[in-house]
Amino acid sequence: MSDRPRLTLSRRHALGLAAGLGLAAAASPASAFGTSAHAVSPYPKGQRPRVLNVFAEDSLSLPERTLATTLQGLMARRGPESLYLNLPTLGYQHWLDDLVARYGVHTRTGDLWDTVGRSGVRGYVLFRTGTPSVNVATTLAGVTGAVAIEESLESLAIQHGLRKVLDVRDKDDRWVFDTYWPRLRHDVVVEQRADFAERLRDYATMAGTFAFFDGNSDFRAQVVDALDDDGTVIGWGDASQGEDAFIGVNSATGVKALPADHARNLSVLSGIREDRLTQHTSAELPVPDPDAHYVTFLITDGDNIQWALGDFPTDPRWFGSPRRGEVDLGWGISPSLIDLAPSVMRWFYDQSRKDRWVVGPSGGGYMYPSRYPAAALDKHTAALATAMGRSDLSVAQIIDFDAFNNTRLWSSYLKHPEIDGLIYLEYSRYDGLKGKVVWSEGKPVVSARTMLWEGLDGADEASVTKELNTATRNPRSTAGYSVVVWHAWSKSVDKVLSVVDALDPHVKVVPPDTLVRMIGKYAKH
């Protein structure tokens, strides 16, 4: 995950006023969420889609994509018709097919200006490409109910009956913050680069959030400091000096991050409601073999929402591997998906063979627990426990700095009955604690014993195989268990299976939540 230990490989290296609305569409952001009999969501949610106008994303110009996604957000706010940007080679085709097959959503080929005409939108906010004004227009689309129009499309917008509500071509994020912050949500903001024309903009508009990007500046620190305790920054910051440059600032103010700056269609996907989901693969504890060593293989970066939505389900390196199902594998997932994209979480559970899911770092979002203010941490873990109960998740991963022995921190998590244990990853490097276990609330916090990570000493397949084959054989001792973390961006299912295939018979592979529960039951001190 990260540049730990100061590597060039970052953890996400591989990727990639109602003035503007007709009366029928003049719903405010706050009125669109949490009004049904379903579980109350901690995140803004769109309305359930009934009809989707589907566009191939590459059929739209960049200015058209910004128009389409701000329109999408406004339509998703009121429902039941919206639009969908499809990227058929990524997971978005799966999510669209699933909406049709399972949830009865109807689709039709989209025509952008016809969709604008049917939407009830009557106004536009004018912006200029290559300036911060695209984020200004995205934010104010949510405030005014008008779509964002790039200046090259203005004449077309006027031809189709739209009128200019605001011209923000000379405005920036600071102006929006100073002028409109009291009218925006204080629990969620969207951190998004101005050169991403379409990504996340539908959700920012639908939710009525502040969309901004200002590197690792004092202004950015001011924004996150203005958020509620355990607020959320959805998107991604400037990781050029390491992700800790902004995750650390977030954490110190009691704010978490959801990596999602490449995400599409969250305004639509969040419109589905699932109160509770269940993993289908077995979580039963085996009777321990007294001569065995138990190991689990767990991928990094499970907090990464955009990856889960994008190429994670299709790429053969990961969940799209044709060899998935040959052995028990551990995958991370963000519990926020139970609200932001519940159909996606359900799809992953339904497609699981010998796959088990645990919470990605560090719970409800990426942050460092040791830097979180105590009150914010307790708020965070209470919400996390609720989400884990709804999502049938019982183990969470943690990333932090030199915090492993601080059992007071882990008590905030483990006092909740929904959480059976934690898997701790030292920021640099993940396996620095070599499998040590500490206890809090009578439950284990298990550190990674070793890892598969290209270019790091002892993290190659041969070294990991040797370490596991010579490890302690005693399930009554914490030394009888190993967590192997494999780096998502430099390793693959095939690389993991090459290790599994070379393990001696006494080394038993189990899912990560099973391993944590075995330690809690059989190796408890």
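1. Start with β9 and β10. In this predicted model, strand β9 (residues 231–235) pairs with β10 in the parallel sense, over five bridges. If you want a spot to click on, G231 sits opposite V255 of β10.

2. That pair belongs to an open sheet of four strands, ordered β8-β7-β9-β10, with parallel pairing. The edge positions go to β8 (210–212) and β10 (255–259); each has a single partner strand, so one side of each is left without a neighbour in the sheet. On average, neighbouring strands here are turned by 25 degrees against each other, direction ignored.

3. Now look at helices α8 (residues 218–225) and α9 (residues 244–252). Their axes come within 9 Å and cross at roughly 35 degrees, and the crossing is right-handed. From α8 the contact uses R220, A221 and V224, and from α9 it uses F246, V249 and N250. Sorted by class, that makes four nonpolar residues, one polar and one charged.

4. There is another open sheet to check, this one with three strands in the order β2-β1-β3 and parallel pairing. β2 (81–86) and β3 (106–109) are the edge strands; a single partner strand each means that one side of each is left without a neighbour in the sheet. The twist from one strand to the next averages 35 degrees.

5. Staying with that sheet, β1 (residues 51–56) and β2 are joined by six bridges in the parallel sense, and F55 has L85 as its bridge partner in β2. Helix α3 (residues 112–119) lies across β1, β2 and β3, and runs at about 155 degrees to β1.

6. β17 (residues 443–447) deserves a look of its own. Which of its faces are covered? Both are: K443, V445 and S447 are buried on one side, and P444 and V446 are buried on the other. Put as a count, five of its five residues are buried.

7. What does β17 pair with? Strand β15 (residues 421–426) runs parallel to β17 and is joined to it by three bridges, with I423 standing opposite V446. Strand β16 (residues 437–440) pairs with β17 in the antiparallel sense over four bridges, and there V438 has V445 as its bridge partner. The β16 and β17 hairpin has two residues between the strands, and E441 takes a positive phi near 55 degrees in it.

8. On to the nonpolar cores. The largest has 91 residues, and those with the most contacts inside it are F297, L309, W331, F348, W410 and Y413. Take L309: setting aside neighbours within four places in sequence, L309 touches G91, Y92, W95, A263, R264, L266, L269, A341 and V344. A second, separate core has 34 residues, including Y368, I423, V446 and V516. I423 and V446 are the facing residues from β15 and β17 in point 7.

9. Last, helix α18 (residues 512–522), where V516 is among the buried residues. Why call this helix largely enclosed by the rest of the structure? Because nine of its eleven residues are buried. The buried set is P512, D513, T514, L515, V516, M518, I519, G520 and Y522.

How values were computed
Residues are numbered from 1 along each chain as its sequence is written. This is a predicted model: local features need pLDDT of at least 70, side-chain atom pairs count only at pLDDT 80 or more; totals for chains, interfaces and linings use all residues. Side-chain values use heavy atoms; hydrogens and water are left out. Axes are lines fitted to C-alpha atoms, for helices over the stretch in contact, and angles run from 0 to 180 degrees between N-to-C directions. A crossing is left-handed if the near helix is turned anticlockwise from the far one by less than a right angle, and right-handed if clockwise. Contact means heavy atoms within 4.5 Å. Ala, Val, Leu, Ile, Met, Phe, Trp, Tyr, Cys and Pro count as nonpolar, Asp, Glu, Lys and Arg as charged, and the others, Gly among them, as polar. A nonpolar core is a set of buried Ala, Val, Leu, Ile, Met, Phe, Trp, Tyr and Cys residues joined through side-chain atoms within 4.5 Å. Buried means under 20% relative accessible area, exposed over 50%, partly exposed in between (1.4 Å probe, protein chains only). Two strands pair if DSSP finds at least two bridges between them.
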